[in-house]
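Here are my notes on this model, set out point by point. Please read them with the structure open.

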Amino acid sequence: MSKNLKLLAKTSDDIKVISAHLQDSIISIEDIANLKKNRIFLMQLNRFMWEDVERGVFRKNKRIRAILKFENVINVSSKNIKTKWIERPFQGKTLLTHDIHGIPIEFYYQMDRLPTIHQKYKLYTGVKPLRIDHFNVFSINVDESVKFYSDLGFRVTEYTEDEKSKKLWAAWMHRKGTVHDIAFTNGVGPRLHHVAFWVPTPMNIIDLLDVMSTTGYITNIERGPGRHGISNAFFLYIRDPDGHRTEIYCSDYQTVDTDHEPIKWDLKDPQRQTLWGAPAPKSWFEEGSHFDKTEPKEPALKAQPIVAP
Ligand SMILES: [Fe+2]
């Protein structure tokens with residue numbers, strides 16, 4: 001067996017094999033070349049050696065420089081999205097860009113590692129948030145958002161379709177194996193709808209409600225507590241003093257099974273928003289936080305969800 005892996009694709013099934021070997025590769029834009037005259041497209045990439053995992057080989061360096069060459073290329077298209085290298089504390093070189101609707105996103109290769117703290121219980125305070133679970137954003141075209149993030153490797157777990165137009169009204173997409181890392185809601189966008197913090201149990205949320213309602217923060221409670229039909233999560237939505245929305249969230253389910261079929265919801269199903277039937281208030285569909293240097297626009301889809309009276 002040769003030391004270096006060489007693969008040749010002649011059929012679409014072969015391409016799937018090469019694609020699997022290229023998962024999690026790192027590519028610099030400078031290392032991509034389209035040789036138009038020769039109809040050759042070349043990429044130099046830093047590839048994770050998945051074949052080592054299969055063979056049970058363990059070595060220190062798990063990555064290798066590799067060349068991907070396409071021949072007889074007729075056309076090359078680009079999303080034409082601006083990118084910029086920046087430096088970020090604790091993660092170094094970071095690729096700053098934005099999605100198709102202007103939401104800023106950053107990609108980084110590695111982050112400084114700290115000791116594990118999940119059993120340092122003395123650090124648990126307040127509602128005891130253990131991690132950021134997901135972001136939810138308003139999108140002017142959820143179908144386009146889903147296409148963009150699918151190309152990045154996100155998968156849809158649940159979605160809401162407008163029965164009339166058959167267009168997506170909302171979608172939940174994940175990478176980490178739970179219901180979502182990012183979700184899209186049809187609306188004036190791009191805007192941030194909420195950031196969700198994951199807590200251990202629904203009791204943490206009940207405790208927070210008792211504290212907020214007796215310490216002058218009752219008007220900051222926007223929606224809940226309740227259980228979402230979508231994601232099955234136990235939730236509470238609160239607004240911080242600047243008006244930004246935060247969700248406190250727990251008890252959704254795992255989606256690591258790649259055969260998990262996305263769950264479809266109808267926009268007019270009252271149990272979609274809340275399994276127990278209570279609809280969300282108007283503010284929940286209309287108010288959101290602006291991203292820096294973006295000008296929100298009206299959504300293409302005008303379908304109306306169920307709104308609390
Ligand atoms: Fe959420």
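The points below go from the whole chain to its sheets, cores and one helix.

1. Status and overall make-up. This is a predicted model. The protein chain holds six helices and 16 strands. Its C-alpha atoms fill a box of roughly 70 × 50 × 40 Å along the principal axes. Of the 309 residues, 24% are buried.

2. Contacts across the sequence. Take the contacts in the protein chain with a separation of 6 or more. Residues 24 or more positions apart account for 59% of these contacts.

3. The sheet β1-β2-β3. These three strands form an open sheet, and the pairing is antiparallel. β1 (26-35) and β3 (63-70) are the edge strands, each pairing on one side only. On average, neighbouring strands here are turned by 20° against each other, direction ignored. Six bridges link β1 with β2 (residues 40-48), in the antiparallel sense. To find this pairing on screen, look for Leu35, whose bridge partner in β2 is Ile40.

4. The sheet β4-β5-β6. This is an open sheet of three strands in that order, with antiparallel pairing. Its edge strands are β4 (84-88) and β6 (104-108), each paired on one side only. Here the average turn between neighbouring strands is 40°, direction ignored. β4 and β5 (residues 92-98) run antiparallel and are joined by five bridges. Trp85 has Leu95 in β5 as its bridge partner.

5. Strand β11 and its partners. Strands of a sheet pair through backbone hydrogen bonds, either parallel or antiparallel. Which strands does β11 pair with in the antiparallel sense? One is β7, which pairs with β11 (residues 191-198) over seven bridges. Another is β16, over two bridges. β14 is also joined to β11, by four bridges, but these two strands run parallel.

6. Residue pairs in β11. Leu192 is worth locating. Leu192 is the bridge partner of Val137. Leu192 also has a bridge partner in β16, Ser289. For the parallel pairing, find Val195, whose partner in β14 is Thr246.

7. The largest nonpolar core. This core has 21 residues, and those touching the most other members are Val146, Ala170, Ala171, Trp172 and Met173. Two or more residues each come from β7 (131-139), α3 (142-151), β8 (155-161), β9 (168-174) and β10 (182-186). β9 gives the largest share, six residues.

8. Ala171 up close. Which residues does Ala171 contact, leaving aside its neighbours within four places in sequence? They are Val142, Val146, Val156, Tyr159, Ala183 and Phe184. Apart from the core just described lies another, of 16 residues. Among its members are Ala196, Phe235, Tyr237 and Trp284.

9. Helix α4. This helix (residues 202-213) has twelve residues. From first C-alpha to last, α4 reaches 17 Å, close to the 16 Å expected at 1.5 Å a residue. Asn204, Ile205 and Leu208 are buried in α4. Why do they line one face? Seen down the axis of α4, the buried residues fall within an arc of 95°, so they line one face of the helix. On the other side, Met203 and Asp210 are exposed. The buried residues of α4 pack against three strands: β12 (221-227), β13 (234-239) and β14 (245-250). β14 is also the strand that runs parallel to β11.

10. Lys293. This residue lies in the segment after β16 (289-290). Is Lys293 buried or exposed? Lys293 has 8 C-beta neighbours inside 10 Å, so it counts as exposed. A residue is exposed at 12 or fewer such neighbours. Lys293 and Ile103 are 190 residues apart in sequence, yet their C-alpha atoms are 9.6 Å apart in space.

Conventions
Residues numbered from 1 in each chain as written. Predicted model: local features only at pLDDT ≥ 70, side-chain atom pairs only at ≥ 80, totals over all residues. Core = buried A, V, L, I, M, F, W, Y, C linked by C-beta atoms within 7 Å. Buried ≥ 20, exposed ≤ 12 C-beta atoms within 10 Å, placed from the backbone. Contact = placed C-beta atoms within 7 Å. Pairing = 2+ DSSP bridges. Axes fitted to C-alpha atoms, helices over the stretch in contact; angles between N-to-C directions. Expected span 1.5 Å × (residues − 1). Arc of directions from axis to C-beta.
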